[in-house]
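User: I'd like a close look at a single part of this chain, and how that part sits among its surroundings. Keep it informal, please.

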Amino acid sequence: MTREEKWKQDEAAIEQLLKEHDGVVKTAELYTLGIDYRRIQQFVDWGVLQRIKSGYYALQEQALSEDEMIVRLFGADGVLTMESALYLYGYLSVKPAEYQIAIDKNTSKSRFHLSYPFVHPYYSEPKVLELGVSEIAFGGSTMKIYDKERLMCDCLKYEDRMDHEDVKKALLAYIAEPQKDISKLLEYARERKVLNKVQNRIGAWL
């Protein structure tokens with residue numbers, strides 16, 4: 001087999017592997033094809049692969065959007081939360097510079113060592129992580145997101161980490177929400193230990 005034939009064979013194998021893994025593969029998965037790290041770097045240099053973070057690669061020609069990368073990297077176990085979720089619900093008009101993602105506290109911290117896109121993890125106990133989880137169309141697929149009631153409770157719980165105006169906009173948008181579920185909001189508020197805040201900040205307007 002000539003070098004050119006070997007190149008084409010490896011390229012075809014990489015494309016098939018990426019197809020099987022929704023467009024993103026780990027270095028270890030490329031190794032299973034018999035392609036070593038030096039060879040991987042050659043594919044990057046030649047414009048076949050793009051390194052999207054340490055140990056993760058996609059096809060250069062795919063030109064994945066930020067949202068698509070987030071789905072592929074965190075869609076299996078992450079939950080969109082805080083400003084990211086507020087923006088997707090239309091409660092904020094400006095897209096946040098970072099993606100806020102809730103994740104199991106036992107998840108490897110290295111997953112979030114990204115140069116692009118920017119991600120802010122919220123580490124959570126497994127039981128708390130699943131409270132109020134819904135789904136939304138995102139990045140050409142679907143991704144988990146906290147429902148609006150859970151989101152309001154978290155905005156009040158972590159309001160010292162947020163822009164004051166963003167919190168205010170979020171609360172006013174929820175108050176104006178025609179399909180809000182107050183009983184669920186109060187249930188979550190008890191679980192998240194923000195019942196007094198919810199009653200004082202939201203209850204007075206209902």
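Analyst: Start with the whole chain: 43% of its 206 residues count as buried. Bear in mind that this is a predicted model. The chain is built from ten helices and eight strands. Its C-alpha atoms fill a box of roughly 75 × 30 × 25 Å along the principal axes. The radius of gyration is 21 Å, whereas a compact globule of 206 residues would come out near 17 Å. As for how the chain folds back on itself, take the contacts between residues at least 6 apart in sequence: 56% of them join residues at least 24 apart.

The part I'd zoom in on is helix 7, which runs over residues 148–157. Is helix 7 mostly enclosed or mostly open? Eight of its ten residues are buried, so helix 7 is largely enclosed by the rest of the structure. The buried ones are E149, R150, L151, M152, C153, D154, C155 and L156. Charged side chains are on that list too, going by E149, R150 and D154.

What does the covering? Quite a mix: strand 8 (141–146) is part of the cover, along with helix 5 (82–88) and helix 6 (126–129). Helix 8, helix 9 (182–192) and helix 10 (195–201) are also included.

Of those neighbours, let's follow helix 8, residues 164–175. The axes of helix 7 and helix 8 come within 10 Å and cross at roughly 150 degrees. That angle makes the two helices roughly antiparallel, because anything over 145 degrees falls in that class. The crossing of helix 7 past helix 8 is left-handed.

Which residues actually meet there? From helix 7 come K148, E149, M152 and L156, and from helix 8 come A170, L171 and Y174. Sorted by class, this contact has five nonpolar residues, two charged ones and no polar ones. A bit of helix geometry helps in reading such a set: an α-helix has 3.6 residues a turn, so residues three or four places apart point the same way. Two members of the contact, E149 and M152, also appear among the buried residues of helix 7, and so does L156.

Helix 8 has other partners as well. Take K169, which is found in helix 8. K169 counts as partly exposed, at 42% relative accessibility. Leaving out neighbours within four places in sequence, K169 is in contact with Y91 and L92. L92 is 77 residues away from K169 along the sequence, yet their C-alpha atoms are 7.0 Å apart.

Back at K148 in helix 7, there's a useful reference point in G78, which sits in the loop between helix 4 (66–74) and strand 4 (79–80). G78 and K148 are 70 residues apart along the chain, and 17 Å separates their C-alpha atoms. G78 is buried, with 0% relative accessibility. Setting aside residues up to four places away in sequence, G78 touches I101, A102, I103, M143 and K144. M143 and K144 fall within strand 8, one of the elements covering the buried residues of helix 7.

To sum up helix 7: eight of its ten residues are buried, and helix 8 runs roughly antiparallel to it.

Methods
Residues numbered from 1 in each chain as written. Predicted model: local features only at pLDDT ≥ 70, side-chain atom pairs only at ≥ 80, totals over all residues. Heavy atoms only, no water. Axes fitted to C-alpha atoms, helices over the stretch in contact; angles between N-to-C directions. Helix = DSSP H or I, 4+ residues; strand = E, 2+ residues; numbered from the N terminus. Parallel < 35°, antiparallel > 145°, perpendicular 65-115°, else oblique. Left-handed = near helix turned anticlockwise from the far one by under 90°. Contact = heavy atoms within 4.5 Å. Rg over C-alpha atoms; globule rule 2.2 N^0.38 Å. Buried < 20%, exposed > 50% of the residue type's maximum accessible area, 1.4 Å probe, protein only.
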